[in-house]
Amino acid sequence: MDWSLLAYLLLGFAVLMYTVMDGFDLGIGIMLPWQRDAGLRDQMIQSIAPVWDGNETWLVLGGVLLLAAFPLAFATLLPALYVPVTLMLIGLIFRGVAFEFRFKTVRGRAAWDIAFAGGSALAAFAQGLMLATVIAGDLPSDGSVRLSIFSLFSAFGLMAGYGLLGLTWLHWRGDQALRRWAAKAARRTLIGVALFLALISLWTPLLHPAIAARWFSWPLLLALAPIPLTTGWLLWHIDRALLHGAARTPFLATVAVFLLGFAGLVISLFPWLVPGRLDLWQAAAHPGSMKVVLIGVLLLLPMILGYTFWSYRVFRGPIEAGYH
């Protein structure tokens, strides 16, 4: 068995699960300031109260897998991502504190809402910077952050994507007033998401000739064409579903857009963990250590999946007021 490839697949699964599951609650935080009604803001927060902290379990699992299974990649990436990683942790801590304190006050709740939104936006922006840095392969060794037009586009694009996930989640779970607002805001956000997706998809191959060759050479062009074509169809389908009031379809279709975007990223970068420097076999831990790590992860994974499924099942249905 190729243990390194198995670890790579598990790492990708953990990152994908985190992106989708924490993405929608980060998106709700990002969109919070755009909702002027305090009662509807409470509904927005209540919709993620039972699950938001559990969603971050996948971030921990992904970080542990990268450190234990691919220590060389971890040691290469972390110094290059000190600033965005630190910003992300500050954002996640800030939103966690704001989440708890806003329920303990009425007069100061608006201020904690701003703190929750700021923490969510900062965490999402930092994740976009990390993604752009890895894709570009321009890794600073001095701990600094290199802002470029591409990295800013990626960061704001990820924020828009998270915002769409959050709004479609609210459109599914909210009452009639929240659903109407979420549908209107989601249709506007969808335009931004489509533009960011198109620009980043065209821009990324220009950064690496190998990625361009993979996507635009014949017959791979024919084999990979369904990914962008299906993504475009899903974006159109989300807009139609929002317009006609379909409850859960916009959220599920947005999740499908994220899955296709992640598939496109893996196709572009495989087998590199650090583009142009380390592939997954070069970065892998000693086979003996890798087996121990993977056995532990494979024992832990069913418990995480079971808890996740159970918590979403228990708290399914309309948003419950006064849960927290």
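Visitor: Which residue does D25 form a salt bridge with?
Guide: Keep in mind that this is a predicted model. The closest N and O atoms of the pair are 3.1 Å apart, and a salt bridge here needs a side-chain nitrogen of Lys or Arg within 4 Å of a carboxyl oxygen of Asp or Glu. The partner of D25 is R95.

Visitor: How many residues apart in sequence are the parts that D25 and R95 tie together?
Guide: D25 lies in helix 1, residues 3-31, and R95 lies in helix 6. The pair therefore ties together parts of the chain whose separation in sequence is 70 residues.

Visitor: Are D25 and R95 buried or exposed?
Guide: The cut-off for the lower class is under 20% relative accessible area. Both D25 and R95 fall in that class, and the word for it is buried.

Visitor: Where does D42 sit, given its salt bridge with R102?
Guide: The side chains of R102 and D42 meet at 2.8 Å, N to O. The pair links distant parts of the chain, 60 residues apart. R102 is in the loop between helix 6 and helix 7 (109-136), while D42 is in helix 2.

Visitor: And which class does D42 get, buried, partly exposed or exposed?
Guide: R102 has 0% relative accessibility, so R102 counts as buried. D42 has a relative accessible area of 23%, so D42 goes down as partly exposed.

Visitor: Which residues are linked with R102 and D42 in a network of salt bridges?
Guide: We've already met the R102 and D42 pair, at 2.8 Å from N to O. Their network of salt bridges also takes in R41, R109 and D113.

Visitor: How far apart are the closest N and O atoms of R240 and D239?
Guide: R240 is partly exposed because its relative accessible area is 28%. D239 has 15%, so D239 is buried. The two form a salt bridge, and their closest N and O atoms are separated by 2.5 Å.

Visitor: How many salt bridges does the count come to?
Guide: We've talked through D25 with R95, R102 with D42 and R240 with D239. The count for the model comes to 8 salt bridges.

Visitor: Let's turn to empty space. What is the volume of the largest cavity?
Guide: Counting cavities of 30 Å³ or more gives 2. The largest cavity has a volume of about 50 Å³.

Visitor: Which element gives the largest share of the lining of that largest cavity?
Guide: The lining includes M21, P50, W58 and Y307, and by class it divides into 6 nonpolar, 4 polar and no charged residues. Two elements give two or more residues to the lining of the largest cavity, namely helix 3 (52-55) and helix 14 (287-314). The largest share, 4 residues, belongs to helix 14.

Visitor: How much space lies in the second largest pocket?
Guide: This pocket is lined by 20 residues, with R173, Y312, F315, R316 and G317 nearest its centre. By class, the lining has 10 nonpolar, 5 polar and 5 charged residues. The space in the second largest pocket is about 440 Å³.

Visitor: Which element gives the most to the lining of that second largest pocket?
Guide: The elements giving two or more residues to the lining of the second largest pocket are helix 2 (38-48), helix 8 (149-173) and helix 14. With 5 residues, the one giving the most is helix 14.

Visitor: What accessible area do L89, I93, V97 and F101 have together?
Guide: L89 is in helix 6, residues 82-101, and counts as partly exposed because its relative accessibility is 44%. With I93, V97 and F101, L89 forms a nonpolar patch on the surface. Their accessible area together is about 380 Å².

Visitor: Where is P271, the residue after F270 across a cis peptide bond?
Guide: The bond from F270 to P271 is cis, with omega near 5°. There's also a cis bond from W218 to P219, with omega near 10°, and P219 is in the loop between helix 10 (209-216) and helix 11 (220-224). As for P271, look in the loop between helix 13 (249-269) and strand 1 (272-274).

Visitor: How far apart in space are A183 and T76?
Guide: A183 is in helix 9, residues 176-207, and counts as buried because its relative accessibility is 11%. A183 and T76 are 107 residues apart in sequence. C-alpha to C-alpha, their separation in space is 42 Å.

Methods: Residues are numbered from 1 along each chain as its sequence is written. This is a predicted model: local features need pLDDT of at least 70, side-chain atom pairs count only at pLDDT 80 or more; totals for chains, interfaces and linings use all residues. Side-chain values use heavy atoms; hydrogens and water are left out. Patches are made of residues with over 30% relative accessible area and no salt bridge: like charges are joined within 9 Å, nonpolar side chains (Val, Leu, Ile, Met, Phe, Trp, Tyr) within 5 Å. Accessible areas come from the Shrake-Rupley method with a 1.4 Å probe; for residues, only the protein chains shown count as cover. Buried means under 20% relative accessible area, exposed over 50%, partly exposed in between (1.4 Å probe, protein chains only). On a 1 Å grid over the protein atoms alone, a cavity is a set of points where a 1.4 Å probe fits but cannot get out, and a pocket is an open set with protein on both sides within 12 Å along at least five of seven lines; lining residues have an atom within 4 Å of a point. Grid points are joined across faces, edges and corners, and a volume is the space filled by probe spheres set on the points. Ala, Val, Leu, Ile, Met, Phe, Trp, Tyr, Cys and Pro count as nonpolar, Asp, Glu, Lys and Arg as charged, and the others, Gly among them, as polar.
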